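Here are a few exercises to work through with the structure open beside you. Try each one yourself before you read the solution.

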Amino acid sequence: MAEVQIMTGNQAAALGAKLSHVQVVAAYPITPQTSVTEMLSQLIEGGELKAEYIRVESEHSALAVCISASTVGARVFTSTSSQGLLYMHEQIHWAAGARLPIVMCCINRGVGAPWTIFNDQQDSIAQRDTGWIQIYCRDNQEIIDSIIQAYRIAESVYVPVMICYDGFVMSHTMMPVEIPDAAAVSDFIPPYKPHTILSPEAPMNINPVLFPWRRANTEGVLCDGYMEMRYKLQKALDESREVIASTSRQFAGAFGRDHGGMLWQYKTDDAEIILAGMGSVASEATMAADMLRSEGIKAGVVGIRVFRPFPKEDVRAAFRTAKAICVFEKGISYGYEGALCSEIKAALYGTDIRLPIHNYICGLGGRDVKARELAEAVRSSRDAIAAGDTEPVPKWLNCFTE
Amino acid sequence: MPENLFKVNIEEYMLPGQRACQGCGLSLAYRYVLKALRENTIVTFPACCLTVLHGLYPTTSVTIPALNCTLASTAASASGLVAGLNAVNRTDITVVAIAGDGGTFDMGIQALSGAAERGTDFIYVCYDNEGYMNTGTQRSSATPMGALTSTTPVLTKQQPKKDMLRIMEAHDLPYLATTSPAYPIDLYDKFVKAKRIKGARYMQIAVPCPPGWGYAPKDTVRIGRLAVETGIVALFEIEDGKFRFTGRTKTLAEKGNKLPVINYVERQGRFRKMSIEQLRQLQRWVDTRWNEYLKRAEG
Ligand SMILES: Cc1ncc(C[n+]2csc(CCOP(=O)(O)OP(=O)(O)O)c2C)c(N)n1
Ligand code: SF4
């Protein structure tokens, strides 16, 4: 039977990995991820989880271990944050290119220079184009549940999944979490079936050099070139939308919790102005929406749960009846605007949904983002829109810009 | 030594059609390495000449299962293979990481040191062609002093070669050995032995490289032998801390008739701008190490 415990986001992540019967764990400590690696070592050394734990000397190696272990047929897990994720970058691409169903937690933290150990989402946003599925969680329950879902998704589409959640705000904050029943989890994730297994019984050369054009094998059959392989990765991500949504629905059926598939909505039915965001800033926005509603402003929230593949159709449906959008983001694509804001605008392009979209950069390097500040930002956007300002430059919330 | 030749595994794991250069010391060495390691082996390697040797997708000329990895991650990739194979209960397979000197002495040293320190049960092979050959003969920390490379094109390399063996020995490994394809039986025996030993094993193969070193492809074995005859390369093994000369080096040490390095240097285009002073330094460098080895071999 499922049991409820009070735990941190990092504990939820480690338990999620345990319940998913991971067979190889490789990780390198970094704040705020560290306690995930510590708890997993505890579980493995204590005999509660039968898995190999490789205490690697770097994050680059952590993902290298996962890549090779996955290639010979093991279910693997790793986690990191910030500099660690950036240090992995080469391997992050490699994992997706090799089409391995690796699941990794990114405990979101700002990146240097200068140093910060505190939360924002610049680290995972910077990995947007690596070919990974990215899921952003809004509470600790969603972390444990999403890891379980992630293995099912990854192992059916052969695309790695990054489970992102905000450092400290979630990683170190205790919340009640219902621990899914172990037997039910085992039923939910069938054993890992690799698309190819490297073994002496079937020798082959995996991930070798490709030339630009397709090439014939020894039987004269033309095989994929680099570009065909890349097209297949893109296609797999496109098709994963349906798998992510159905996995979410089936999870809800089995465990009674629906985290929304590609995105979640809060009081959007009659909303005129919608706050949009990912992770904890989106859940903070629900409180801001309530504040605004108590003043008579019809506000709602769209939380983007899956950033890659981007939920284009769901976004169109979610914003169809809105009059304005305020996008709050803990990251920025320097030289332009928040990446989420750009994606939402692009998703609405070519539709008849024409509405002002305001962008707020907030919470970088752990700066507080309170519900009342989000509400205040929405009020100022409303005023600006009323004054005809439909597409202002991104505003930096709680930041001294003068 | 015909009886020695007969003991070599007759199976071929490198088929015709491999893509290394004519006269490549690596391809000669690799043939014997695979013969010694046999079927139950998985190799992993990064970007290097070996990647090219293995061929272009979807064909390969090597019948041993192979996993390509990134340049810095060879030993970590091997750690992952070992962990993954353990997890799926395949403990009968020898995991072999193999990389060039650039992928070992330079970029891969962090992952290698990590895997060695963890006592990972694998064989790490560095084939040392003394430069980044895949990208066109750039300097590595394994390039000897006085060599021209495409990144030391005028002044030659100013520093002596990094002593990777000493670094690896500091990891207290159960087995380390140096080998040369010019002495294939010595190489073969060491790999047969390495396969039997458990834990992290480090093997370094000195592979002559015709285009990178500037000599004719037909002279690979001759250059390989001169490297040993002059003491530039010493053939030895260190088993559980015990140092032992092997093969031709053992004879040279016993007879005391090692040749001056000039015999090796003068036959290679890469040394054509070497100064007399650099030649002296190279000789001193060889002699110092040689004397250290002699002492260890006696002790
Ligand atoms: C991170 C990274 N940087 C640079 C390269 C380019 N590169 C490919 S092979 C190579 C040289 C490898 O040299 P070495 O390990 O000595 O092997 P060799 O080419 O001599 O066989 C380099 C620099 C790369 N593949 N990855
Ligand atoms: S460049 Fe040298 S090491 Fe590389 S394939 Fe050619 S001969 Fe062999």
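**Exercise 1. Work out how much area chain B and chain A bury between them, and what kind of atoms it sits on.**

Solution. Keep in mind that you're looking at a predicted model. Start with the area: chain B and chain A bury about 3200 Å² between them. Next, ask about the atoms: 63% of that area is on carbon and sulfur. Then go to the residues: 43 residues of chain B are in contact with 42 residues of chain A.

**Exercise 2. Find the polar links across this interface, and name the side chains of a salt bridge.**

Solution. First, count the salt bridges: the rule finds two across the interface of chain B and chain A. One to look up is between the side chains of E57(A) and R118(B), at 3.0 Å from N to O. That fits the cut-off, because a salt bridge needs the nitrogen within 4 Å of the carboxyl oxygen. Now widen the search to polar contacts, and you get 16 residue pairs between chain B and chain A, both residues at pLDDT 80 or more.

**Exercise 3. Describe the side of chain B that touches chain A: which elements supply it, and which kinds of residue?**

Solution. Begin with the elements: β1, α3, β2, α4 and α6 of chain B each supply at least two residues of that side. The largest share comes from α4(B), with ten residues. Sort the residues of this side by kind and you get 21 nonpolar, 18 polar and four charged.

**Exercise 4. Identify the strand of chain A that pairs with β2(B), and give the sense of the pairing.**

Solution. Look at residues 205–206 of chain A, which form strand β9. This strand pairs with β2(B) in the parallel sense, over two bridges. For one residue pair, pick I206(A): its bridge partner in β2(B) is L67(B).

**Exercise 5. Explain why the site of ligand 1 counts as shared between chains.**

Solution. Start with the surroundings: 17 residues surround ligand 1, and the closest are C49(B), G102(B), G103(B), Y127(B) and N134(B). Those names are from chain B, but residues from chains A and B surround ligand 1, so the site is shared.

Now check some distances to oxygen atoms of the ligand:

- A polar backbone atom of C49(B) is 2.8 Å from an oxygen atom of ligand 1.
- For G102(B), a polar backbone atom is 2.7 Å from an oxygen atom of ligand 1.
- With N129(B) it's a polar side-chain atom, 2.9 Å from an oxygen atom of ligand 1.

Technical notes: Residues numbered from 1 in each chain as written. Chains lettered and ligands numbered in written order. Predicted model: local features only at pLDDT ≥ 70, side-chain atom pairs only at ≥ 80, totals over all residues. Heavy atoms only, no water. Contact = heavy atoms within 4.5 Å. Buried area = accessible area lost by both parts, 1.4 Å probe. Polar contact = N/O pair within 3.5 Å; in protein donor to acceptor, adjacent residues only side chain to side chain. Helix = DSSP H or I, 4+ residues; strand = E, 2+ residues; numbered from the N terminus. Nonpolar A, V, L, I, M, F, W, Y, C, P; charged D, E, K, R; others polar. Pairing = 2+ DSSP bridges. Near = heavy atom within 4 Å.
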